[in-house]
Amino acid sequence: MSQSTHIPTRPVVPPPPRRRFAVLAVAAATFSVVTTEMLPVGLLTSLGSGLHVSDGTAGLAVTLPGLVAALAALLLPVAMRRADRRTVLALLMAVLAAANVISALAPVFAVLLVARVLVGVCIGGVWAIAAGLGVRLVRAEGAGRATAVIFSGIAVASVLGVPAGTLLGELAGWRWGFAALAVLALAVAGLLVTVLPRLPADQGVRLGAFPALLRIGGLRAGLLAVTLLVTGHFAAYTYIRPVLERVPGIGAGLISGLLLAYGTAGIAGNFAGGAVAARDPRRALLAISAGLAAVVLLMVPAGASLAASVALLVAWGLAYGGVSVSAQNWVMAAAPHAREAASALFAGVFNVAIALGAFAGGRVADSRGAGAVLWLGGGLAGLALVAVACARGAATTKGDRPRGRTRISP
């Protein structure tokens with residue numbers, strides 16, 4: 001059976017003065033959801049203490065939204081396939097604000113988890129839509145850079161969002177970190193309504209499109225590499241605070257600074273990875289997988305040295321910063337005829353990997369200690385390197401501009 005998908009030949013592009021602001025508004029949305037998703041990483045110790053749960057259990061605040069986001073990424077584009085994408089993004093930001101208010105007021109851990117379910121819906125929905133908007137908001141020649149800017153919300157969240165939330169949590173209590181994000185989400189909702197053009201549904205996404213996409217060998221290879229890389233990263237990074245707390249000479253204030261350095265390197269990695277991936281996604285993911293595996297594994301013996309730990313953490317940010325944009329380029333190149341469906345599938349797989357990594361890391365951290373998560377994370381990144389190296393027929397991004405109607409066939 002084949003899945004037929006219509007490809008619009010003239011995407012909606014805003015007038016020149018508004019293109020940059022439109023792209024930045026979408027980047028602000030990705031920044032908001034990623035900051036909300038990852039804030040428990042910076043507040044893990046204080047959050048667990050405040051709600052009387054262990055570090056491993058507190059990690060469920062990252063695991064649960066990842067699982068929900070995976071489902072939302074697949075189902076929301078189907079449920080809202082005719083809705084204007086500007087309206088959907090603004091509504092998701094409003095829901096995100098409500099979820100952060102509930103988190104800030106949560107009296108027990110169970111209530112916090114309910115709020116994190118709503119966060120997961122927002123994460124999945126935003127990424128399923130936002131990941132492929134670069135090609136609709138700017139001219140074709142600027143699509144690669146626009147995609148990198150949208151994905152830079154991930155790295156900027158690491159630079160500004162998570163460290164700022166961590167610092168606020170240390171100064172005023174972890175609840176104020178979530179309260180601040182509620183205000184931010186409402187502001188971004190207003191920005192999206194103001195600067196985005198109308199964005200009618202680009203391609204009608206149906207559930208049947210996903211099994212059809214998985215028959216594409218290059219897409220399967222890319223999704224496997226993403227699963228291994230992201231699972232490995234979050235197995236280790238979710239518990240980076242307990243890992244860093246074991247390094248001699250590191251205090252709570254210095255950890256916030258190190259997370260800032262990590263995120264700054266991630267921004268550089270995002271644009272460097274995006275520049276390479278715009279030409280050759282496979283080469284970009286090969287370099288990223290090798291770098292991530294080496295850095296995370298080297299963090300184990302470097303734990304006795306402050307200088308070595310700092311240098312490796314910065315290198316970790318540089319390597320991981322390019323994962324999302326490089327993988328998105330791979331996915332778009334492998335399935336240019338079904339960009340929104342492929343983006344939804346990518347977002348679903350990505351968030352399953354986040355949840356799986358945080359969960360696996362939590363079990364390892366509770367049973368074998370925080371340092372053991374580095375072995376798990378580095379090992380999975382090594383497997384991703386093997387998967388990318390063995391991939392055959394992975395698409396490149398040159399010249400894959402479809403016309404008319406395209407069929408995804410077995």
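User: Why does tyrosine 237 count as buried?

Analyst: Buried means under 20% relative accessible area, exposed over 50%, and partly exposed in between, with a 1.4 Å probe and protein chains only. Tyrosine 237 has 6% relative accessibility, so it counts as buried. This is a predicted model, where local features need pLDDT of at least 70, side-chain atom pairs count only at pLDDT 80 or more, and totals for chains, interfaces and linings use all residues. Residues are numbered from 1 along each chain as its sequence is written, and side-chain values use heavy atoms, with hydrogens and water left out.

User: How many aromatic pairs does a search of the whole structure find?

Analyst: Five. One of them joins tyrosine 237 and tyrosine 262.

User: What makes the pair of tyrosine 237 and tyrosine 262 stacked?

Analyst: A pair of aromatic rings is described by the distance of the centres and the angle of the planes. Rings of Phe, Tyr and Trp (its six-membered ring) pair if their centres lie within 6.5 Å; planes under 30 degrees apart count as stacked, over 60 as edge-to-face and the rest as tilted. Here the centres are 4.7 Å apart and the planes differ by 15°, which means a stacked pair.

User: Where do the two tyrosines of this pair lie?

Analyst: Tyrosine 237 is in helix α11 (residues 217-237) and tyrosine 262 in helix α13 (residues 252-277). They are 25 residues apart, and the pair links distant parts of the chain. Helices here are DSSP runs (H or I, at least four residues), numbered from the N terminus.

User: How do you know that tyrosine 262 is buried?

Analyst: Its relative accessible area is 3%. The cut-off is under 20%, so tyrosine 262 is buried.

User: What makes phenylalanine 346 and phenylalanine 350 an edge-to-face pair?

Analyst: Their planes stand 65° apart, and edge-to-face needs over 60. The centres are 5.7 Å apart, so the rings also meet the 6.5 Å limit.

User: Why are phenylalanine 346 and phenylalanine 350 separated by about one helical turn?

Analyst: Because they are four residues apart in helix α17. Both are buried: phenylalanine 346 has a relative accessible area of 4%, and phenylalanine 350 has 11% relative accessibility.

User: What makes α17 mostly covered?

Analyst: Of its 30 residues, 22 are buried.

User: How do you know that the charged end of arginine 363 sits over the ring of phenylalanine 359?

Analyst: The charged end is 4.8 Å from the ring centre. A charge sits over a ring if NZ of Lys or CZ of Arg is within 6 Å of the ring centre and within 35 degrees of the ring normal.
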